[in-house]
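Dear colleague,

I am passing on the structure below, together with notes on what turned up when I went through it. Please read the notes with the model open beside you.

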Amino acid sequence: MLPVGDGNEIYWEECGDPGGKPVVFLHGGPGGGSTPRHRRLFDPGRYRIVLFDQRGCGRSTPNCATPEADLSVNTTWHLVADIERLREHLDIEHWMVFGGSWGSVLGLTYAETHPGRVTELVLRGIATLRAKELQWLYGGGAAYLFPEAWSRFLAPVPFSRRQDNLIEVYHELLSHPDPAVHGPAAIAWSRWEGETVKLRPQDEVIDAFSDPSFALAIARIENHYFRHSGWLAEDQLLRDAGKLRDIPCVLVQGRYDVVTPAITAWELSQVLPSAELVMVGDAGHAFDEPGILHELISATDRFASDWQGAGTRQDERNSDMLFGDEHVRRYEETDGEVGHDWEKGVPCLVLTTKGRKTGEDRKFALIYQFDDDGNPVIVASKGGAPEDPGWYKNLQANPEAKAQVKADKFTVRARTLEGEERAKLWEKLAAVWPDYNEYAKKTDREIPVVVLERV
């Protein structure tokens with residue numbers, strides 16, 4: 001527990017490697033709290049993982065479900081100061097900032113306030129608390145997709161006030177001293193989020209959001225923050241995004257996110273050209289939807305791969321590294337002049353497969369080495385995830401593909417290597433990218449090694 005002033009103490013914890021890359025996890029809500037599951041977004045062999053419960057929620061005290069909690073000393077700027085106090089308490093000079101949903105708002109605010117303390121940003125379910133975002137969720141926009149859930153959200157609101165500003169109406173209900181009034185209002189507010197947070201609503205998630213004590217804390221904190229627009233000027237986080245131009249940033253966004261719609265992530269990416277926007281086509285808002293979870297772990301694994309130990313500064317890293325679609329685009333535009341050498345001694349090619357479900361071209365930048373016959377060889381590692389990457393599944397469905405090595409473009413047929421042939425080329429690739437050996441330790445599957453034989 002760390003005293004942060006105003007009668008508040010915040011719960012914090014560390015796990016992973018004490019000498020690893022420092023990262024701070026900012027949970028959602030506001031008021032959601034951190035859980036042991038959040039630790040698993042980071043490789044404990046490479047990260048020094050810091051999690052904490054923000055003021056008024058989780059294991060921090062006083063909890064906002066209790067009458068003694070003073071919300072007047074619980075604002076975005078109090079939380080920014082709390083993060084800095086925790087960083088100083090832990091004697092961490094610089095750290096990666098990871099935040100989802102409300103945590104993306106807090107992460108952006110902290111990074112724009114203290115850009116010199118942030119090595120990278122990984123944000124999920126992007127929000128900036130602008131009026132149009134709040135109006136969408138609490139003014140009836142999302143109701144067009146979830147009318148049944150919206151009717152339950154409206155249930156505690158007197159019929160005569162259902163055309164009013166519902167955030168303000170709920171403020172009155174949640175502030176009412178009678179538990180018979182604020183209790184049902186809190187459950188209705190929190191349940192609305194639980195019913196919209198997943199692409200496919202799940203009963204266990206809805207039940208968790210409907211727990212009376214959890215609901216009262218999160219409803220009071222969220223309503224308090226949203227009626228004040230997070231104490232941020234309209235468009236402030238987008239307007240000040242230029243302060244982040246030197247900070248590598250990955251934005252992971254569910255295409256069908258109803259809680260924080262994709263337009264905000266897109267608009268942020270337009271004013272932050274250095275950011276990599278990853279739009280997950282089959283996901284909603286929650287961090288643990290499969291596509292989102294894969295992209296988040298891929299991002300944290302990539303950022304850990306160049307960790308050189310304490311004292312590493314952002315300006316000492318290779319600032320020219322590219323990722324994802326941006327890597328492919330720059331590679332193709334320049335015939336590999338940009339993007340072939342991903343890092344010194346780490347060459348990349350562009351592989352174009354046919355989507356096994358859509359039949360559309362899917363392009364990937366991948367590390368390669370040549371075999372004795374001059375054919376490129378690649379590894380389907382997916383960072384040691386339990387399942388094979390999508391590009392490998394595409395090749396299984398249709399082994400014929402296209403490859404580009406610098407300006408050389410050619411058709412290939414993919415073949416998965418076995419036995420001694422696989423072992424020999426695995427060793428060659430791992431000499432270029434040693435993390436392949438670490439990935440192999442993390443998964444029960446034999447990671448495929450694939451030769452792309454020229455047709």
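**Pockets and cavities**

In the second largest pocket, the lining residues divide by class into twelve nonpolar, ten polar and six charged. Please keep in mind throughout that this is a predicted model. The second largest pocket encloses about 620 Å³ of space, and its lining is made up of 28 residues, with H38, R124, V197, F209 and F287 lying nearest the centre. Two or more lining residues come from each of strand 4 (21–26), strand 6 (95–100), helix 7 (203–209) and helix 8 (212–227), and among the contributors helix 7 has the largest share, with four residues.

Turning to enclosed space, the structure holds two cavities of 30 Å³ or more, and the largest cavity has a volume of about 220 Å³. The largest cavity is lined by 18 residues, and those closest to its centre are L129, L137, F226, V259 and T260. Helix 2 (102–113), helix 3 (131–138) and helix 8 each supply at least two residues of this lining, with helix 3 giving the most, namely four residues. The lining of the largest cavity comprises eleven nonpolar, four polar and three charged residues. Helix 8 thus appears both among the elements that line the second largest pocket and among those that line the largest cavity.

**Helix pairs**

Two packed helices are described by the angle between their axes and the distance between the axes, and two pairs are reported here in that form. For helix 5 (residues 166–175) and helix 6 (residues 179–196), the axes come within 8 Å and cross at roughly 140°, which means that helix 5 is oblique to helix 6. On the helix 5 side the contact is made by I167, Y170, L173 and L174, while helix 6 brings V181, H182, A185, A186, A188 and W189 to the contact. By class, this contact has nine nonpolar residues, one polar residue and no charged residues.

The second pair consists of helix 14 (residues 419–432) and helix 15 (residues 435–442), whose axes come within 7 Å and cross at roughly 115°. Here W426, L429 and A430 of helix 14 meet Y436, N437 and A440 of helix 15, and the residues of the contact divide into five nonpolar, one polar and no charged.

**Two buried residues**

G20 sits in the loop between strand 3 (12–16) and strand 4, and it counts as buried because its relative accessible area is 6%, where the cut-off is under 20%. Leaving aside neighbours within four places in sequence, G20 is in contact with R46, Y47, R48 and W307. Of these partners, W307 lies 287 residues from G20 along the chain, yet the C-alpha atoms of G20 and W307 are separated by 7.9 Å.

N394 belongs to helix 13 (residues 390–397), and with a relative accessibility of 4% N394 is likewise buried. Its contacts, again setting aside neighbours within four places in sequence, are with T353, K354, G355, R356, R362 and F364.

With best wishes

Methods:
Residues are numbered from 1 along each chain as its sequence is written. This is a predicted model: local features need pLDDT of at least 70, side-chain atom pairs count only at pLDDT 80 or more; totals for chains, interfaces and linings use all residues. Side-chain values use heavy atoms; hydrogens and water are left out. Axes are lines fitted to C-alpha atoms, for helices over the stretch in contact, and angles run from 0 to 180 degrees between N-to-C directions. Angles under 35 degrees count as roughly parallel, over 145 as roughly antiparallel, 65 to 115 as roughly perpendicular and the rest as oblique. Contact means heavy atoms within 4.5 Å. Ala, Val, Leu, Ile, Met, Phe, Trp, Tyr, Cys and Pro count as nonpolar, Asp, Glu, Lys and Arg as charged, and the others, Gly among them, as polar. On a 1 Å grid over the protein atoms alone, a cavity is a set of points where a 1.4 Å probe fits but cannot get out, and a pocket is an open set with protein on both sides within 12 Å along at least five of seven lines; lining residues have an atom within 4 Å of a point. Grid points are joined across faces, edges and corners, and a volume is the space filled by probe spheres set on the points. Buried means under 20% relative accessible area, exposed over 50%, partly exposed in between (1.4 Å probe, protein chains only).
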